[in-house]
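Colleague: Before I plan anything at the bench, could you take me through this assembly chain by chain and contact by contact?

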Amino acid sequence: MTALQLTGLTKTHPGGNLATIRGLDLTVASGTITALLGPSGAGKTTVMKLVAGLFAPDAGDIALGGRSILTLPPERRGVVMVFQNPLLFPHLTVAQNVGFGLRMRGLPAARIATQVDAMLGRVRLGGLGQRRPDELSGGQAQRAALARALVLEPDLLLLDEPLSSLDPALRDEMRSLILTLQRDMAVTTVVVTHDQTEAVVLADQIALLLDGQLAQHAPPDTIYRRPASLAVARFFGGVNFLPGTAAAGVLQSAIGPLTLPDSLPATLANGPGTLTIRPEAVVLGPGPTDANPRTARVEGCAFLGSQSRVDLMVGTTPLQALVAPEVARTLTPGQTTLIALPPEALWIIPLGTEAG
Amino acid sequence: MTALQLTGLTKTHPGGNLATIRGLDLTVASGTITALLGPSGAGKTTVMKLVAGLFAPDAGDIALGGRSILTLPPERRGVVMVFQNPLLFPHLTVAQNVGFGLRMRGLPAARIATQVDAMLGRVRLGGLGQRRPDELSGGQAQRAALARALVLEPDLLLLDEPLSSLDPALRDEMRSLILTLQRDMAVTTVVVTHDQTEAVVLADQIALLLDGQLAQHAPPDTIYRRPASLAVARFFGGVNFLPGTAAAGVLQSAIGPLTLPDSLPATLANGPGTLTIRPEAVVLGPGPTDANPRTARVEGCAFLGSQSRVDLMVGTTPLQALVAPEVARTLTPGQTTLIALPPEALWIIPLGTEAG
Amino acid sequence: MTGRTNPVWLLLPVLLVLGGLFLAALGLTLIRSFRYMPVLGLTEPDLAAYAAVLSSPGFLASLGLSLWIALASTLLSAVLALGAALLLRQTFPGRQLIGFLFQMNLTVPHVVGAVGMLYLVSQSGAFARLAYAGGLITAPAQFPALTHDPFAIGVILLYVWKEVPFITLILLANLQSIGVDHEATARSLGATRWQAFRHVTLPMLMPGLLAASVLVFAFAFGAYEIPLLLGASSPKALPVLAWQSYTDVDLAARPEAMAMAVIIALLGVLMLLAYARLARPLAERGRHAR
Amino acid sequence: MRGDGLRTLAGFALALWLILPLVPLAIWSVAYGWRFPALLPPDLSTQAWAYALSPTSGVLQSLGVTVSIAASATALAALVGVPAGRALGLYRFRGRGLVILLLIAPAILPGIAVALGLHGIFLRLGLTGTVWGVILAHLVPVLPYMTLVMAAVFAGFDTDVEDQARSLGARPAQVFLHVTLPAILPGLMTGALFAFLVSWSQYLLTLSIGGGKVQTLPLVLFTFATSGRNDVTGAVSLIYILPGLLALALIARRLTGRNPALGLQVGR
Amino acid sequence: DTADGDALKGMSWDQIVEQARGGTVNWFMWGGADTINRYVSDHVGAILKRDYDITLNRVGVADAVEVVNIVLTEKEAGVTDAGTVDLIWINGENFRSMKQGDLAFCGYTDLLPNNALVNWDNPAIANDFGVPVDGCEVPWNTVQFAFAHDSADVPEPPRDMAALLDWIKANPGRFTYPAPPDFTGSVFVRHVFYHAAGGADALLGPFDQAKFDAAAAKTWAILNEIEPFLWREGQTYPNTIAQLNELFANGEVAFTFNYDPSQFGLAVQAGTYPETTRSFGLADGTIGNTNYTLIPFNSPNKAAAMVLQNLLLSGEEQLEKAKPEVWGASPAIEISRTSAEVQSGFAAIEGHPSVVSAEELAKAALPELQADWLTAIEAGWQAQVGN
Ligand SMILES: Nc1ncnc2c1ncn2[C@@H]1O[C@H](COP(=O)(O)OP(=O)(O)OP(=O)(O)O)[C@@H](O)[C@H]1O
Ligand SMILES: Nc1ncnc2c1ncn2[C@@H]1O[C@H](COP(=O)(O)OP(=O)(O)OP(=O)(O)O)[C@@H](O)[C@H]1O
Ligand SMILES: [Mg+2]
Ligand SMILES: [Mg+2]
């Protein structure tokens, strides 16, 4: 079921000469987590604030559960936004912070107390309710902010970079907490991030915002393996791009003909395009014969920790592979090696998407 | 040649009841990059400031090029420290910032100008010399800070988390720049970070600081594959630990006897210890018969982007593997699969190092 | 360099200056208020001056007047300043100019403002003339007495004129450091515009507002030249009364002046403690935010 | 925006209120025979200005004296206030709260509470009736502002910048001159403006310590204001406002907005 | 410096002038009138500089009592030869305070050459508010109390105290007086006191409690009776004479008054009062007095101050300040003892139309009471009327 639907959303900030958001269409399914990804300044926060009612769009519509919420003030949209900083109210205790929304709704104090207690337990802040916000650690404060939003059982939860103000160590912990709570409470959630690994780990769907428009909207592995444009591919660390012309399941490229997967959509499988393969999909060593084997020279290896990067040269075409460090350790720069480009890992980006 | 030598360095901050740095010994070879790694609060910055002369140690010695610099004031140590934030002087232009140290040395303006121009070119800030610091982007500011240090051609360059204030995208770029400049100018460099991937990519040597002491000091892949202690292993993402007793090249563990590599030092290869294997070294599928094959049940897979995490269960012992997403895609939770633990990827941590 | 210089050395000059001037002055006042003045042959300290002061109806009337002036000025200024700050936080044509006028007001000495106020609202002042021109009055006496009046309205008006910009600028600075995100959060959590103001913005402004109010209260209570220019002949504002006793040619009145000064100082200490209490949460919050 | 008109109206009312008391002063300064109920002066005259600007009136001389006193008090306050502000802004130490309390006290305690005792002390020191005595006396109400503003400035000051400069080869004196001073300068200017204005408008302390011999502008103004010469009073008032406005204009931009000092502890 | 007064008393005038040369005089005086300020600073100051190389530093104060206090406090603090003040314009209770407190430098006036112009046989000169001058001060001006009114507003003002009191009751809100201890307000109250006592004669001489009580009771009754008919129904009084002047200038009240009628002319010149301002004295008499200059005991510049006093006393200077355009102050010397030139100068002075002439006022002159009476009256007023 569709929870949130943005149609042709457009917003120009006062003073800005270019629209920050330009005709954005986005559909978020009920109960899922969508990661809104994009470089800094892409307009992610702007989208969130538009949905939350903190900005008014210049054009377009925002519908929640099928009904437009455009004319509703923020407090009546059923949307709760959590900001990058916890923004706890400093004059209230943690419990009062968490109960703030309920109090605004006019709930009796006793019911607020019960719900707040339960919520504090869930975010593992039980017993800290009487603290002042400035007596909390960064992670605790961010958890309190999350609790303050979740206790309202919003129709839609918007999280604007909830992890970026945290230490790397705390980030993992918080990430699991968000996942757990989201699954438990089945809250439709949009989470903003500019960190792709975070998006991949957290989200059911990734919406990539580039230049004020939706560049791609798909599940994480789809976005990795089947980027809709060069820009998307590059954003997610794509490095191997081979221009060529496809026909009858084969692409003619600078490194010769490459067998394409059968699953490739017909529109892509015919005509000029750019072939791409993820570096981690490049196989070192002799693969099966139908896997586009090639001979490559090893240009260099770099240890990256849990993987190593291998710079290869096929003829005059550079290729990059990510392999297990054990594998890289057996290679010496200058040697030649067999590599394979398995067809099922190949993908074609149509021409003319460079700008997208 | 030894550039920097720390001997028994000890420092207790005023007001602190525990020494932050406790008897630290560290040797840095001339012309190399050493990454000083450690969790937040480990005392990394403290070490840097001790070397730079901005803190005075309680005990121990600091020698540069063989001579103790302990009694020299900061400005005469030949050591330049670059802080985590660019800390550009806001009232000076970029060029004046870069020329600051030269001006303090009393160099004539013309020579300062020449050197500053050259340096700005090297860090790709040519033409931005007349800007004010607040007109620079984060990456540009950090580059200017680097230029300001490098133009002094220090005997020792200390970089305190030079990348942590930058966007992920900018980080890669800056990292390569640091590497290039360091190689070009052959400046002995110590770079602080708490990000292990960064350390691995940047450094010739990694010095891991835990609890005020040196936990291990070795090249990156050694530290990954041959951790000196459980703590070191955990810090670098180690997850597979199998206690057992080794004798005659074989370790008896909860998942049966495991063949150890011949290269294992004799002290480790005999007696009780904890076996560890990096998750990326766990081979899925049938390996060679001498590679400790096992049957494992797949508990779950998680797409992480360029790798996927596979949670395995061998008997009642959990193991984690990091594999290419293509491989993980062929697995379904609940199925059994053959795995191999190649002996050359095995390592034993002696007992009693848990606290280290 | 942090941790190298002992803060005592840095503080020593200011402590010496303040100790040598401020504390010594208070100390001398205190001693003399006990009628200990060897030059005049008074060597037996007693509390006669306090007894005389506290039992004099003139003193009590003056105390009441000064408290009234301070309280009324502070309340009015605080409320108006809150409104002005909320107004000036928004953008609208002419905002810049008003912002400048607010700062300009800060530089105008109180005495000048007092004279201006006198020329503005006295019974023959600009307003009275306007009223005459408008046919509302036919003689100055028909214009309400706003200066030299028993309720010190002129004095209070002057303070409101001077202190509204003062508090407003403090509030604006506070508003700026608070930002709009807390308010936005509140809205997102279901607070209406009014609720967000009432439950979030206002409480967050409160420490600043209260601290500024104490400063205003203290000033309005302790000023000398303003009530002298704009106030009624009787009762006199407390500082005026104290200074006149001090400059009385009858030396016997001096211990009483000193006693009044001590009582004023004690009230000042109360305000000081109030300020310390009110301003502290603000300062601490500033620290944590860094 | 919807409320723009309303806001502009309210803003206009505010602006009017802010300049209103200054208008009669300006008119009076050029008025002749401006008696009730004349809305505007029947005749204009420059006699008040001529007198105010003449050497006889002593107004210009007072202006000089007042500026010197305010500037000296400000400079002295900066001299002792900057180190103190550094200590309070950067260090947590025992007794800090007490020191702050002592520092704020002169700003809050009514001047009369101090003036009498100070007068007694300065008499014995032969400082009454002297410009130096008045400057020293002004330090009492001036210091709190300078010190507390500087404390706020240093609270937001990152000493790493100083360390950075040292590491780049600057000696301590060079660090102060080239790094610390420029960094605190905006705050110092704000502090100085407040210090200047506080000294600038002192009445009672100047009257008591100066004994009438040190004629600052407020005293001169008061004499005229209480002698019925509204025209001269108007002219002197305008002369009195001017330097403060100039000082403000000099550092106007720094005063606006996010100055932490202003937010925290400013008054008179 | 020349702080040692006894040493000066042993010198000749020429020696004293020699001592004074190159010095400074800090003259503390009421500074609220620009004409007087101009006369002192510009005219007197210039002569002093030119003829004696003495720098005149005129220090304007709002009230002479401030100056008395300075000297008093200095004495209390043991400052005996480095005082702030060299000369004060003074009279009345302030003089009494100075004299009683041994704050004045005395017994030197015979040394001043121009002392010869002073008629010390005139009790109004030899006594300052009933307190013998005893060579502690030098007369400067004589004044006599007068009322001012706007002839366009009140063409026929009341001519004696009884009529004035009736007028007040018949014209509610049109009269008031500054609250004592304001100098001028206080002298108005004394006129009522004289009226209540049936004349001044019985009151002359030292303070007499019984006489005081009798007259005071009547006085307070009169003042309380007119209070509801005063400006603002007597709820408040002007603090200073300046406030009353302001009320008069704007037509809020019908009368103002002053101990120095020349002030009326100056105010008309300044445009403060209307051209139609006229002044008068009450037919049953108005109080006159003399004001003086005095050197404090701890003045460090006594010689220069004496030179200044001598200059002020000269026929030329007395004439200069008597000119209406300069100030209009009545002389404190015997004109007959001055040079023919000065005498003709005085004869040529044409009074300001707004200023009642000194001769006119002199027809019904009343003496001042001794300062003890003043103090008692002021205290009584505050307790009985102005609370
Ligand atoms: N209130 C505002 N007024 C004017 N411009 C704004 C406003 N808010 C954002 N912008 C501008 O709109 C653009 C998008 O900003 P936005 O904050 O939505 O980006 P973002 O994707 O959230 O970036 P980040 O990752 O840095 O948070 C930026 O260029 C920003 O400068
Ligand atoms: N100037 C100081 N005075 C007192 N304690 C200090 C001071 N500087 C650091 N410390 C303390 O010493 C310990 C080590 O601090 P340090 O800054 O060296 O850690 P770090 O490894 O650089 O941490 P991070 O990764 O967070 O920068 C911390 O507990 C810190 O609180
Ligand atoms: Mg954002
Ligand atoms: Mg650090």
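The questions and answers below go through this predicted model, beginning with confidence and moving on to the contacts between chains.

Colleague: What average pLDDT does chain D have, and which stretch of chain D has a pLDDT below 50?

Modeller: In chain D, 93% of the residues score at least 70, and the average pLDDT is 86. The pLDDT nevertheless falls below 50 over one stretch, which still has 43 contacts in the model beyond near neighbours in sequence. The average asked for is therefore 86 on the predictor's scale of confidence from 0 to 100, and the stretch is residues 256–268 of chain D.

Colleague: Which residues of chain D does UniProt list for "domain: ABC transmembrane type-1", and how far apart do the ends of that span lie?

Modeller: The annotation comes from an unreviewed UniProt entry and lists residues 63–251 of chain D. In the model this span is 83% helix and 0% strand. Its end C-alpha atoms lie apart by 21 Å.

Colleague: Which of the spans 12–34 and 130–154 of chain D is 96% helix?

Modeller: Both spans are among those that the unreviewed UniProt entry annotates as "transmembrane region" in chain D. Residues 12–34 of chain D are 65% helix and 9% strand, with their end C-alpha atoms 28 Å apart. The span that is 96% helix, with 0% strand and its end C-alpha atoms 35 Å apart, is residues 130–154 of chain D.

Colleague: Which chains share the most contacts, and how many residues does each of them bring?

Modeller: There are 7 pairs of chains in contact, and among these the most contacts are shared by chains C and D. Put together, chain C and chain D bury about 8,800 Å² between them, with 78% of that area on carbon and sulfur atoms. The residues taking part number 99 from chain C and 101 from chain D.

Colleague: How many salt bridges are found across the interface of chain C and chain D, and which helix of chain C gives the largest share of its side?

Modeller: Across this interface there are 10 residue pairs in polar contact, counting pairs with both residues at pLDDT 80 or more. By class, the side of chain C that touches chain D has 74 nonpolar, 18 polar and 7 charged residues. The count of salt bridges between chain C and chain D is 0. As for the helix, the largest share of the chain C side, 17 residues, comes from α1 (residues 7–33) of chain C.

Colleague: How many salt bridges are there between chain C and chain A, and which residues form the one at 2.7 Å?

Modeller: Here 19 residues of chain C are in contact with 22 residues of chain A, and the two chains bury about 1,900 Å², 66% of it on carbon and sulfur atoms. The count between chain C and chain A is 2 salt bridges. The one whose closest N and O atoms are 2.7 Å apart is formed by A:E75 and C:R187.

Colleague: Which helix gives the most to the side of chain C that touches chain A?

Modeller: The interface of chain C and chain A has 6 residue pairs in polar contact, with both residues at pLDDT 80 or more. On the chain C side, α8 (181–188), α9 (193–222) and α12 (254–289) each supply at least two residues. The helix that gives the most, with 7 residues, is α8(C).

Colleague: How far apart are the nearest C-alpha atoms of chain A and chain E?

Modeller: Chain A and chain E do not touch, and no contact joins chain B and chain E either, their closest C-alpha atoms being 48 Å apart. For chain A and chain E, the nearest C-alpha atoms are apart by 48 Å.

Conventions: Residues numbered from 1 in each chain as written. Chains lettered and ligands numbered in written order. Predicted model: local features only at pLDDT ≥ 70, side-chain atom pairs only at ≥ 80, totals over all residues. Heavy atoms only, no water. UniProt positions renumbered as here; feature names shortened; annotations may be inferred. Helix = DSSP H or I, 4+ residues; strand = E, 2+ residues; numbered from the N terminus. Contact = heavy atoms within 4.5 Å. Buried area = accessible area lost by both parts, 1.4 Å probe. Salt bridge = Lys/Arg side-chain N within 4 Å of Asp/Glu carboxyl O. Polar contact = N/O pair within 3.5 Å; in protein donor to acceptor, adjacent residues only side chain to side chain. Nonpolar A, V, L, I, M, F, W, Y, C, P; charged D, E, K, R; others polar.
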